[in-house]
Amino acid sequence: MGSDRPVVDEGDVNEVAMLPSLKKAAAALRDADIPFAVGGGFAAWARGGSASDHDVDFMIVESDADRALTALEAAGMRTGRPPEGWLVKAWDGDVLVDLIYGPSGVSGSEELLGRADVMRVEAMTMPVITADDLLVTKLSALGEHTLDYEGVLRTARELREQIDFDDVEKRTADSPFARTFFFLARELGVTPVS
């Protein structure tokens with residue numbers, strides 16, 4: 001599947017600076033035979049959305065976390081284990097690479113990786129999580145202290161042709177923040193009115 005993502009905006013220094021780290025980490029995981037998929041902001045970007053300016057996210061399976069850290073260390077990255085218990089981290093210089101094995105709102109990383117689409121990302125083929133899974137993880141991460149609808153609305157608007165909003169709404173129905181998002185998104189014309 002090809003990518004319809006926009007051309008890199010050379011004025012977006014953060015994204016341009018992170019692309020080599022995205023490719024370096026993906027190659028290290030691929031070469032170590034570790035199943036992964038691009039997630040977060042770069043998944044949105046690869047699918048045609050806005051550029052990422054925060055970090056590089058990969059989805060992995062928890063049982064592969066140690067091997068993934070070893071692979072990234074062998075590629076020259078510093079690694080660490082934060083206390084959160086749902087991810088491990090690596091740094092390629094100043095670029096943060098998150099290896100997420102417990103994404104919000106997704107019951108099994110294996111299933112998430114199995115649904116990923118293989119896409120060309122900056123001339124490199126790699127799996128990218130589906131637009132549905134991307135939106136589910138973004139909505140499921142919303143909480144009282146992390147209540148920012150701007151990025152979620154932008155992702156939904158930019159990728160709306162790729163999203164099954166009925167499925168995403170069903171999968172996030174337990175979250176009052178997701179229910180609020182769907183009300184707001186319908187009112188703004190981002191999602192279809194059901």
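**Figure 1. Phe-181 and Phe-182, two buried neighbours in a predicted model.** Both Phe-181 and Phe-182 are buried in this model, which is predicted rather than experimental. A search through the whole structure turns up three aromatic pairs. One of them joins Phe-36 and Phe-58, with 5.5 Å from centre to centre and 80° between the planes, an edge-to-face arrangement. That pair bridges distant parts of the chain, 22 residues apart: Phe-36 belongs to the loop between helix H1 (13-31) and strand S1 (37-39), while Phe-58 belongs to strand S2 (residues 56-59). Phe-36 is buried at 7% relative accessible area, and Phe-58 is buried too, at 0%. Back to Phe-181 and Phe-182: their ring centres sit 5.1 Å apart with the planes at 80°, so this pair is also edge-to-face.

**Figure 2. The hairpin of S6 and S7.** Here we look at strand S6 (residues 117-121) and its partner S7, which run antiparallel and are joined by five bridges. Across the pairing, Val-118 stands opposite Pro-127 of S7. How much of strand S7 (residues 124-128) is buried? Four of its five residues are, so the rest of the structure largely encloses S7. The turn itself has two residues between the strands, and one of them, Glu-122, takes a positive phi near 50°. Ala-123, in the loop between S6 and S7, has a positive phi as well, about 65°, although it isn't a glycine. With a relative accessible area of 62%, Ala-123 is exposed.

**Figure 3. Asp-33 and its unusual backbone angle.** For context, most residues other than glycine have a negative phi. Asp-33 goes the other way: its phi is positive, about 55°, and it is not a glycine. Where does Asp-33 lie? Look in the loop between H1 and S1, the loop that also holds Phe-36. Is Asp-33 buried or exposed? Its relative accessibility is 64%, above the 50% cut-off, so Asp-33 counts as exposed. Phe-36, by contrast, is buried.

**Figure 4. Three salt bridges picked out for a closer look.** Side chains of opposite charge can pair when their charged atoms come close. The structure has twelve salt bridges, and this view shows a selection. Asp-64 meets Arg-67 at 3.4 Å, N to O. The two partners sit in different settings, as Asp-64 is buried at 11% relative accessibility, whereas Arg-67 is partly exposed at 40%. Next up, Lys-89 and Asp-98 make a salt bridge of 2.8 Å, N to O, and here both residues are buried. Then there's Arg-186 with Glu-169, whose side chains meet at 2.4 Å, N to O. Arg-186 sits in helix H8 (residues 176-187) and Glu-169 in helix H7 (residues 165-171), so this salt bridge ties together parts of the chain that are 17 residues apart in sequence. Glu-169 is partly exposed, with a relative accessible area of 26%.

**Figure 5. A salt-bridge network of four residues.** Which residues are linked in a network of salt bridges? They are Arg-115, Asp-133, Asp-167 and Arg-171. Two of them fall in helices shown in other views: Asp-167 and Arg-171 lie within the range of helix H7 (residues 165-171). Asp-133 falls within helix H5 (131-140), a helix that returns in the pocket view below.

**Figure 6. The largest pocket and its lining.** The space in the largest pocket comes to about 1000 Å³. There are 32 lining residues, and those nearest the centre are Gly-40, Gly-41, His-54, Asp-57 and Lys-138. Several elements chip in with at least two residues each: helix H2 (40-46), S2, strand S4 (87-92), strand S5 (95-100), helix H5 (131-140) and helix H6 (149-158). Which of these gives the most to the lining? That's H6, with five residues. What is the lining made of, sorted by residue type? The split is twelve nonpolar, eleven polar and nine charged. S2 is a familiar strand by this point, as it also carries Phe-58 of the edge-to-face pair with Phe-36.

Notes: Residues are numbered from 1 along each chain as its sequence is written. This is a predicted model: local features need pLDDT of at least 70, side-chain atom pairs count only at pLDDT 80 or more; totals for chains, interfaces and linings use all residues. Side-chain values use heavy atoms; hydrogens and water are left out. Rings of Phe, Tyr and Trp (its six-membered ring) pair if their centres lie within 6.5 Å; planes under 30 degrees apart count as stacked, over 60 as edge-to-face and the rest as tilted. Buried means under 20% relative accessible area, exposed over 50%, partly exposed in between (1.4 Å probe, protein chains only). Two strands pair if DSSP finds at least two bridges between them. On a 1 Å grid over the protein atoms alone, a cavity is a set of points where a 1.4 Å probe fits but cannot get out, and a pocket is an open set with protein on both sides within 12 Å along at least five of seven lines; lining residues have an atom within 4 Å of a point. Grid points are joined across faces, edges and corners, and a volume is the space filled by probe spheres set on the points. Ala, Val, Leu, Ile, Met, Phe, Trp, Tyr, Cys and Pro count as nonpolar, Asp, Glu, Lys and Arg as charged, and the others, Gly among them, as polar.
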